[in-house]
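Grab a viewer and work through these short exercises. Each one comes with a solution you can follow step by step.

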Amino acid sequence: MQDNNYRILVVDDEQDLCEILKFNLETDGYAVETANSAEEALTLPISSFDLLLLDVMMGGMSGFALAKKLKADPATAHLPIIFLTARDTENDTVTGFNLGADDYISKPFSIREVLVRVRAVIRRTSEAAGEQQPSLLKYQGLEMNLDKKTVSIDGEEIPFTKTEFELLHLLLNEKGRVFSRQELIDRVWPKDVLVLDRTVDVNITRMRKKIGRFAKCIVTRLGFGYYFDA
């Protein structure tokens with residue numbers, strides 16, 4: 001069983017096939033919903049899914065037409081699509097990939113084949129999404145550029161020391177988590193440097209002064225440490 005929270009939408013006008021796919025995908029650890037037409041699929045929050053298994057030949061709107069519509073919408077353009085179809089011509093395959101399909105499975109197929117293809121597409125698209133993660137960390141008007149190592153408030157860059165930057169990065173990246181002073185020392189300062197709790201407090205105080213109205217977001221939890229309250 002897969003250890004994940006991936007959500008899959010199966011769209012096929014064969015209800016029995018939908019149920020078979022749903023059962024086996026859920027057994028493999030995915031959360032699955034089904035729709036028996038493209039029109040029904042469009043009533044669902046499609047952007048909330050991680051993968052779409054889409055039949056090509058359906059009554060009403062075809063799978064190709066639905067895919068074209070989804071790829072044209074910025075909210076769903078990123079959604080990986082695997083086409084499921086009884087049509088196995090080269091032209092159909094080319095059409096599917098030209099529409100942005102991530103894979104194309106011809107009917108009849110084995111459930112094992114579908115599971116393998118699903119895992120492969122999810123792994124590939126997840127890795128690609130990780131590579132494309134923005135280098136900006138934001139909270140309202142507070143922005144950290146992790147590549148340039150800069151901090152700005154409402155577009156105005158604020159001078160930060162390396163230590164202050166690393167402290168803010170840690171707190172902002174894990175909002176709501178309380179870090180003890182020792183944890184902050186271990187995560188931010190070099191191992192060969194002796195750092196006192198008071199040094200942490202001084203850096204936090206300086207950082208609060210620099211971030212203006214966001215100073216109140218860096219909260220002291222007496223007896224425990226500090227956290228970023230969003």
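Helices and strands here are DSSP runs, at least four residues for a helix (H or I) and at least two for a strand (E), numbered from the N terminus. Keep in mind that this is a predicted model.

**Exercise 1.** Where is Ser37 placed, and is Ser37 buried or exposed?

*Solution.* Start with the location: Ser37 sits in the loop between β2 (31-35) and α2 (38-41). Next, the accessibility. The cut-off for buried is under 20% relative accessible area; Ser37 comes in at 17%, so Ser37 counts as buried. Then look at the contacts: setting aside neighbours within four places in sequence, Ser37 touches Val11 and Met58. Finally, follow the side chain of Ser37, which reaches the backbone nitrogen of Glu40 at 2.9 Å.

**Exercise 2.** In what order do the 5 strands of the open sheet run, and which strands stand at the edges?

*Solution.* The order is β2-β1-β3-β4-β5, with parallel pairing. β2 and β5 (103-106) each have a single partner strand, so they stand at the edges, and one side of each lacks a neighbour in the sheet. On average, neighbouring strands of this sheet are turned by 20 degrees against each other, direction ignored. Now add the helix: α1 (residues 15-27) packs on the sheet and touches β1 (7-11), β2, β3 and β4. The direction of α1 makes about 170 degrees with that of β2.

**Exercise 3.** Which residue in β4 is the bridge partner of Leu53?

*Solution.* First take the strands: β3 (residues 51-55) and β4 (residues 81-85) pair in the parallel sense over 4 bridges. Within β4, Leu53 finds its bridge partner in Ile82.

How values were computed. Residues are numbered from 1 along each chain as its sequence is written. This is a predicted model: local features need pLDDT of at least 70, side-chain atom pairs count only at pLDDT 80 or more; totals for chains, interfaces and linings use all residues. Side-chain values use heavy atoms; hydrogens and water are left out. Buried means under 20% relative accessible area, exposed over 50%, partly exposed in between (1.4 Å probe, protein chains only). Contact means heavy atoms within 4.5 Å. A polar contact is a pair of N or O atoms within 3.5 Å; within protein, one must be able to donate a hydrogen and the other to accept it, and residues adjacent in sequence count only if both atoms are side-chain atoms. Two strands pair if DSSP finds at least two bridges between them. Axes are lines fitted to C-alpha atoms, for helices over the stretch in contact, and angles run from 0 to 180 degrees between N-to-C directions.
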